[in-house]
Amino acid sequence: MKNSKDFDYIKEKFDSDHLTAPEDLDENAIVHLLESKPLKKIRFYNKKVFRRAVAAVACAAVVVTALAVTRPFSLNNKVVNTPETETAQTGLKTFSDVDEIKKAVKEIEKHTSVYNYNSNEIKDAAVAETVSDTAAGDISYADTYKQVENVDEGDILKNNGKYIFYVDSSSNAVKVYSATGQNTKLVFTFDEFEVNDNAGEYVCDIYVSGNKLIINTVRGVYENEVYRDMTVTYIYDISDIESPKQINCFSQSGYYASSRRIDGRLYVVSNQYIDSSLCKSDSDYLPYECSGNDAERQPVEMENICYTGDSDSSSYLIVSAIDTETGVKSSDTKALFGASSNIYCNENNMYAAMNEVEWKAYGENTQLVDTAVRIVKIELKENDIEFTAASEVAGSINDQFSMDEKDENLRVATTSYDADGEQINNLFVLDGNLRKIGEVTGFAKTESIRAVRFIGDMAYVITYEEIDPLIVIDVSVPANPQIKGEVKITGFSSLLVPVDESTLLGIGYSTEGNGNTQSANGMKLALFDISDPENPAVLDSYTMKDTSSDAQYNHRALTVNEADGYYAIPFNSYAYDTEYAENGALVFEVSNGKINVTDKFTVNTDASEEAYTGIYVSRCTYIGDTLYVLDDVGNISAFAINE
């Protein structure tokens with residue numbers, strides 16, 4: 001197999017997949033893109049979607065959330081010695097100086113043959129109230145669908161009831177529209193993000209908080225012939241939307257991984273990988289931060305860098321808290337050596353999880369022998385961020401919904417391997433110090449977890465190999481989780497959405513084939529009755545073949561209007577046999593155990609060959625009785641819902 005860094009080979013792959021690589025995409029960016037994504041077979045019916053994907057992959061808010069580390073030894077044989085300086089934090093230590101960090105990096109590199117980014121979050125508990133009916137006047141409007149109530153998540157679309165803010169990846173800009181139905185118009189564009197041969201800055205996601213707009217970007221720059229990534233957060237005053245003013249910007253080293261907004265604070269998470277061969281000085285081994293456009297960057301204080309004592313990745317997890325009113329740090333920036341960031345976050349704690357993979361060499365071949373999830377707990381205080389505990393559990397997590405905290409206990413669902421190399425699934429309960437206090441393991445053999453949702457004391461787990469079982473697990477006794485029941489359905493759900501106390505909606509994939517030849521062939525909605533944990537049942541389903549939706553892998557693409565009782569998701573249909581394409585938004589209601597499609601709004605219908613190079617609809621949102629549908633090149637369409 002050719003080296004993944006052979007640029008000619010990369011270009012050949014674009015050609016073979018009928019993709020056109022952007023002219024302004026440099027070699028390092030493409031290498032970073034390919035190394036940051038697990039290989040997936042994607043059905044491309046839209047060439048423009050590639051440009052959208054490049055900007056998305058440049059931003060880990062959409063794709064880079066957990067670092068998978070390849071380890072040559074068993075999980076009980078750690079490759080880094082424990083430094084002498086230990087904090088009072090459970091399971092965490094601090095370095096005494098840079099030399100200790102350099103030693104740890106080089107020791108890891110000596111024993112680790114492959115580093116590979118594993119994107120779990122592309123697809124971030126109590127039941128979340130995800131719709132804001134806070135009036136702009138008396139008009140309700142959509143909020144970003146999020147995992148935890150009162151914990152906002154960045155997305156490419158935000159809506160404040162008057163204006164719609166949207167990340168147009170095709171032009172690498174944030175566009176602002178005055179939302180006035182059919183008279184909606186573009187009023188301002190934030191597009192001062194430099195992309196050239198020596199630097200590239202890509203918009204990842206945004207937040208809107210009162211009269212403030214927050215833009216998170218990742219900036220890649222060449223310094224002394226070395227390519228480095230930096231996460232940059234801009235805060236603008238948008239009191240006058242046609243003449244916004246930048247309040248401040250804050251940057252930290254590493255690739256943007258994720259963020260959360262809680263009250264007036266924004267928590268920004270990045271990952272910085274350290275390669276000793278690229279380090280020209282001691283400072284290159286340290287994470288850094290910088291406040292202001294032209295300010296000099298400062299290394300994170302040594303006392304604010306800790307690690308778990310058994311780190312197997314020469315990377316930093318960097319967390320900063322920014323006051324969203326001033327754009328200034330509200331606490332010291334903290335860093336953890338040897339961890340990455342599939343993020344679950346509530347109002348009090350953030351948990352960062354990293355999937356670790358262990359391979360064993362057999363001559364020229366390698367074999368997967370074990371997996372583990374390294375979890376780090378981060379307490380979020382009013383004026384401080386504190387890494388307080390670290391632990392490992394067997395297996396790997398699917399996405400952020402695989403984690404949830406209740407009554408100070410963390411519940412984690414994972415997929416691992418048994419002694420015969422078969423996939424099995426587990427649910428672990430960890431206490432406030434991340435010590436395991438309960439578990440149920442080995443269920444759904446030969447299958448892997450595709451979706452999880454915790455609702456109160458119950459966990460609902462979707463696994464898949466050939467069919468889709470919904471498994472119900474009672475976690476009311478943390479020391480003794482119990483599987484209560486399961487129900488099977490064809491296809492599989494990748495997002496589970498609580499409808500009410502007795503009903504659960506699944507959004508995912510329809511499948512076709514038989515035996516080991518099952519493959520996804522479209523989008524599927526499934527409705528489950530969960531009123532009796534021992535006897536869950538399938539109530540209804542709805543399938544759109546040859547159709548995809550961002551909601552299948554990104555929960556933020558789902559729009560929920562609780563006041564009017566409907567859901568909306570973007571969709572893109574393709575049918576190669578008839579050369580017919582359709583893009584738009586599907587609107588449906590759930591009532592009396594049925595999924596009722598009430599509207600299917602289309603923004604592009606083309607029966608010609610050009611359908612495959614047309615637009616791609618990525619988001620929809622509502623204000624009052626109007627649904628707005630946005631595509632990947634910044635077009636916006638408005639539809640009346642209740643006419």
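Asn355 sits in strand 20, which covers residues 349-362, and this placement, like everything below, comes from a predicted model. With a relative accessibility of just 3%, Asn355 falls under the 20% cut-off and therefore counts as buried. Its side chain still has a polar partner: one of its polar atoms lies 3.0 Å from the backbone nitrogen of Ile397.

Zooming out, the protein is built from four helices and 42 strands. Of its 643 residues, 60% are buried. The exposed surface comes to about 25700 Å², and carbon and sulfur atoms supply 43% of that area.

On to the charged side chains. Side chains of opposite charge can pair when their charged atoms come close. The structure holds 24 salt bridges, and a few of them are worth walking through. Glu325 and Lys212 form one of these, with an N to O distance of 3.1 Å. That pair links distant parts of the chain, 113 residues apart: Glu325 belongs to the loop between strand 17 (315-323) and strand 18 (334-337), while Lys212 is in strand 9 (residues 212-223). The two ends also differ in how they are covered, since Glu325 is partly exposed at 43% relative accessibility, whereas Lys212 is buried at 5%.

The loop between strand 17 and strand 18 turns up again in the next pair. Lys329 and Glu289 meet in a salt bridge at 3.0 Å, N to O. Lys329 lies in that loop and Glu289 in strand 14 (residues 288-291), so the bridge ties together parts that are 40 residues apart in sequence. Here, Lys329 is partly exposed, at 29% relative accessibility, and Glu289 is buried, at 12%.

A further salt bridge joins the side chains of Lys445 and Asp418, at 3.4 Å from N to O. Both partners are in loops: Lys445 in the one between strand 26 (436-443) and strand 27 (448-455), Asp418 in the one between strand 24 (409-417) and strand 25 (423-430), with their positions 27 residues apart along the chain. Lys445 has a relative accessibility of 44% and so counts as partly exposed. Elsewhere, salt bridges link Asp152, Lys158 and Arg261 into a network.

Finally, there is Asp532, placed in the loop between strand 33 (519-529) and strand 34 (537-545). At 33% relative accessibility, Asp532 is partly exposed, because that value falls between the 20% and 50% cut-offs. The C-alpha atom of Asp532 is 8.1 Å from that of Ser502, a residue 30 positions away along the chain.

How values were computed. Residues numbered from 1 in each chain as written. Predicted model: local features only at pLDDT ≥ 70, side-chain atom pairs only at ≥ 80, totals over all residues. Heavy atoms only, no water. Helix = DSSP H or I, 4+ residues; strand = E, 2+ residues; numbered from the N terminus. Buried < 20%, exposed > 50% of the residue type's maximum accessible area, 1.4 Å probe, protein only. Areas by Shrake-Rupley, 256 points an atom, 1.4 Å probe, with all protein chains shown as cover. Polar contact = N/O pair within 3.5 Å; in protein donor to acceptor, adjacent residues only side chain to side chain. Salt bridge = Lys/Arg side-chain N within 4 Å of Asp/Glu carboxyl O.
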